[in-house]
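Welcome, and thanks for taking a look at this one with me. Below are a few numbered notes to help you find your way around.

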Amino acid sequence: MSFHATGNYNTGNHFLVQLSDKDGSFASPFLIADTATTLSSEVTCILPSHLPEGNNYRIRVVSTNAAVTGIADIDALTVHDRPDLGADTTAYIVCQGGTYNLLPLYNTSGFTTVNWSTPTPSVAPAGIYQLIVSNVYGCLDTANATVKQDVAFWTGAISKNWHVAGNWSNGHIPTEKTHVIIDGAATNPCEMTGNDGTAASVQMRSGGYIKLLNGHKLLVVGTCNPLPPSP
């Protein structure tokens, strides 16, 4: 948008472009542009990610030095919110050749169009898939879903404790879908303390071992052949 600055403004002045709420009130305006100048200017405005639906939004310009509040635009704006699928996600299959149902990962109810990059999202093998949706106004949102095996290499970077996420290369504690690899090169050896553990498989390599202390157990539930390689 462009604005015309009348009067005199001092060095260091900023012109702030503000957006009202959906009812035209500037009691708590949204800042949509900020430019450091003393002259009339043209600026690019960026709306917040999500705004309530409304047809009475207005824009005004405020200066900081001298402090002047401009007159709000007489023309109201209509804002339609865009779809919001949320963040990209990762889904895990246990064995090579397994598939995952992508459909429950995102809530797509109420959208005008729903398109996956695969024709069979209910049986998706390992890979990266994109979902594109649109609403009644033609606004789009996209999200990516990665399907892969969960492979965790024991680093022991923080402690000996199996149940500390920072000790694993994938950043989380192994689950029944995680293929664990332990060798002797880790900073700390691996110990099962405090709780039992679960994994899809466990591979011991190059002097690696795990101590099960205080009667705790490690339940290995997978039946994959072959096992995945190191991450």
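1. A good place to begin is the largest pocket of this predicted model. Two strands, β1 (2–3) and β6 (59–64), each give at least two residues to the pocket's lining. β6 provides the largest share, with five residues.

2. If you would like to find the pocket on screen, 18 residues line it, and those nearest its centre are Phe3, His4, Val61, Gly70 and Ile71. The space inside comes to about 320 Å³. By character, the lining residues split into 11 nonpolar, five polar and two charged.

3. Next, the cysteines. A disulfide is a covalent bond between the sulfur atoms of two cysteines. How many does a search of the whole structure find? The search turns up one, formed by Cys95 and Cys224, whose sulfur atoms lie 1.8 Å apart. This pair ties together distant parts of the chain, 129 residues apart: Cys95 sits in the loop between β9 (89–93) and β10 (113–116), while Cys224 belongs to the segment after β18 (218–220).

4. The disulfide of Cys95 and Cys224 is left-handed, because the torsion about its S-S bond is about -85 degrees. As for surroundings, Cys95 has a relative accessible area of 24%, so Cys95 counts as partly exposed. Cys224 has a value of 12%, which means that Cys224 is buried.

5. Why does Cys45 not form a bond with Cys139? The sulfur of Cys139 is the closest cysteine sulfur to that of Cys45, but the two are 18 Å apart, too far for a bond. Cys45 is partly exposed, at 27% relative accessibility.

6. Cys190 tells a similar kind of story. Its sulfur has the sulfur of Cys224 as the closest cysteine sulfur, yet 20 Å lies between them, and that is too far for a bond. Is Cys190 buried or exposed? With a relative accessibility of 0%, Cys190 is buried.

7. Do turn to the interior as well. The largest nonpolar core has 14 residues, and the members that touch the most others are Phe15, Val17 and Leu19. At least two residues of this core come from each of β2 (14–19), β3 (30–36) and β6. The largest share, three residues, belongs to β2.

8. Leu19 is worth a click. Setting aside neighbours within four places in sequence, Leu19 is in contact with several residues, including Phe26, Phe30, Ile32, Leu47, Tyr57 and Ile59. Apart from the core that holds Leu19, there is another core, of 13 residues, with Ile93, Tyr129, Val133 and Ala143 among them.

How values were computed
Residues are numbered from 1 along each chain as its sequence is written. This is a predicted model: local features need pLDDT of at least 70, side-chain atom pairs count only at pLDDT 80 or more; totals for chains, interfaces and linings use all residues. Side-chain values use heavy atoms; hydrogens and water are left out. On a 1 Å grid over the protein atoms alone, a cavity is a set of points where a 1.4 Å probe fits but cannot get out, and a pocket is an open set with protein on both sides within 12 Å along at least five of seven lines; lining residues have an atom within 4 Å of a point. Grid points are joined across faces, edges and corners, and a volume is the space filled by probe spheres set on the points. Helices (H or I, at least four residues) and strands (E, at least two) are DSSP runs, numbered from the N terminus. Ala, Val, Leu, Ile, Met, Phe, Trp, Tyr, Cys and Pro count as nonpolar, Asp, Glu, Lys and Arg as charged, and the others, Gly among them, as polar. A disulfide is a pair of cysteine sulfur atoms within 2.5 Å. Buried means under 20% relative accessible area, exposed over 50%, partly exposed in between (1.4 Å probe, protein chains only). A nonpolar core is a set of buried Ala, Val, Leu, Ile, Met, Phe, Trp, Tyr and Cys residues joined through side-chain atoms within 4.5 Å. Contact means heavy atoms within 4.5 Å.
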